[in-house]
Amino acid sequence: MTQRLFRFGLVGAGARDGREWAALARRGEDLGFATLLTADTVATPAPAASLAAAAAVTTSLRVGTFVVNTATRPANAVAWEAASLAFVTGDRFELGIGAGRPGGEGDAAVLGVPYGSGAERLAQVERVLDAVEHPAEGLYGGTGGTPHVLVAASRPRMLALAARRAGTVAFGVPPLTGEDGLAELVGVVRDAAGERFDELELCTSVHVVGDEIPGWLRGRMGVDAADLASSGSIAMLTGTPQEMAGTLSRRRDELGVSYVTVPAPFAEAFAPVVELLAGR
């Protein structure tokens, strides 16, 4: 069995300009985060430009999409961008993909492309995986091989696809999901992955570090801190850094989750946990 070592991702958002974005990338690297991640929405800067800029001002920080909405792009376009980002970042790029997100229909409308049904979007994810693994003739395929691929999933069919094809499975779960709910999803992945389960990296997102939900986040989540606490939500970590580290260590031991992402505004508050666990 492959030992699952902890690593941590910083989900960047809200930078006012390129200078602030570059500063976030450098600070994330200094604090020991493994990755700087960016969302894929038409309301935020395009991922390729943002990630290339972040890689240019850092040396070891990996960068990744979290996650590309494959419903809005041709499969070969995703493969082309992925290979290009792997090239310009010195193979520090990680491709995160998914079948869509809440509000994804609006992005598709702005871009003038069909969004597709759930089944059609699932099939598109598989086409993207094929295109990334085996670039079409004449399509730039990069020089460093296939980028590491993360697939975000929450439903059984998508989880099964991620289990069979991804390097990392990211669990996209509702805010009030507790450890029992996560355990059920891990079970789906384990059953679908078979012998390759031990090779998979499992990822969850912590949205709140501490006892309070900041105003900028409260509206997005649609719940308050009391709701998260009473449900035992995996989206919230409280206590001292040692207590938080203990919670994450237990989850890794029980469920196999070793890759944890947090929003960039919590970088400083979460840094002591990173120091305690990263690479261990």
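Trainee: Leaving aside its neighbours within four places in sequence, which residues is Gln124 in contact with?

Mentor: Contact means heavy atoms within 4.5 Å. With those neighbours set aside, Gln124 touches Thr70, Arg73, Pro74 and Ala75. A word on the source: this is a predicted model, where local features need pLDDT of at least 70, side-chain atom pairs count only at pLDDT 80 or more, and totals for chains, interfaces and linings use all residues. Residues are numbered from 1 along each chain as its sequence is written, and side-chain values use heavy atoms, with hydrogens and water left out.

Trainee: Is Gln124 buried or exposed?

Mentor: Buried means under 20% relative accessible area, exposed over 50%, and partly exposed in between (1.4 Å probe, protein chains only). Gln124 has a relative accessible area of 11%, so it is buried.

Trainee: Which backbone oxygen lies 3.4 Å from a polar atom of the Gln124 side chain?

Mentor: A polar contact is a pair of N or O atoms within 3.5 Å; within protein, one must be able to donate a hydrogen and the other to accept it, and residues adjacent in sequence count only if both atoms are side-chain atoms. Here the partner is the backbone oxygen of Thr70.

Trainee: In which helix does Gln124 lie?

Mentor: Helices (H or I, at least four residues) and strands (E, at least two) are DSSP runs, numbered from the N terminus. Gln124 belongs to helix H5. Gly118 is in H5 too, and that helix covers residues 118-133. At 44% relative accessibility, Gly118 is partly exposed. From Gly118 to Gly96 is 22 residues in sequence and 18 Å in space, C-alpha to C-alpha.

Trainee: What should the 16 residues of H5 span?

Mentor: The expected span is 1.5 Å times one less than the number of residues. For H5 that gives 22 Å, and the end C-alpha atoms are 23 Å apart, which agrees.

Trainee: Which residues of H5 are buried, and what do they pack against?

Mentor: First the general idea. An α-helix has 3.6 residues a turn, so residues three or four places apart point the same way. In H5 the buried residues are Arg121, Leu122, Gln124, Val125, Val128, Leu129, Ala131 and Val132. The buried residues of H5 pack against helix H3 (75-88), E5, E6 and H6.

Trainee: What about H6?

Mentor: H6 buries Met158, Leu159, Ala160, Leu161, Ala162 and Ala163. Their packing partners are strand E5 (93-98), H5, strand E6 (148-153), E7 and H7.

Trainee: And H7, what span do its end C-alpha atoms give?

Mentor: H7 has 15 residues (179-193); 21 Å is expected and its end C-alpha atoms are 20 Å apart, which agrees. Its buried residues are Glu179, Leu182, Leu185, Val186, Gly187, Val189 and Ala193. They pack against helix H6 (156-165), strand E7 (168-171), E8, helix H10 (241-255) and E11. After H7 comes Gly194, with a positive phi near 60°.

Trainee: How many residues of strand E11 are buried?

Mentor: In E11 (residues 257-263), 7 of the 7 are buried, so the strand is largely enclosed by the rest of the structure.

Trainee: Which strands pair with E11?

Mentor: Two strands pair if DSSP finds at least two bridges between them. E1 (residues 7-12) runs parallel to E11, joined by 5 bridges. E8 (residues 201-205) is also parallel to E11, over 4 bridges. Look at Thr261 of E11: Gly9 is bridged to Thr261, and Ser205 stands opposite Thr261.

Trainee: How many aromatic pairs are there?

Mentor: Rings of Phe, Tyr and Trp (its six-membered ring) pair if their centres lie within 6.5 Å; planes under 30 degrees apart count as stacked, over 60 as edge-to-face and the rest as tilted. The count is 4. Phe6 and Phe8 have ring centres 5.8 Å apart and planes at 5°, so that pair is stacked. Phe8 and Phe270 are edge-to-face, at 5.5 Å centre to centre and 70° between the planes. That pair links distant parts of the chain, since Phe8 is in strand E1 and Phe270 in helix H11 (residues 267-277), 262 residues apart. Phe8 and Phe270 are both buried, and Phe6 is buried as well. Ring pairs link Phe6, Phe8, Phe33 and Phe270 into a cluster.

Trainee: Which ring does the charged end of Arg7 sit over?

Mentor: A charge sits over a ring if NZ of Lys or CZ of Arg is within 6 Å of the ring centre and within 35 degrees of the ring normal. Arg7 sits over Tyr259, 4.1 Å from the ring centre. Arg4 lies over the face of Phe197, at 4.9 Å from the ring centre.
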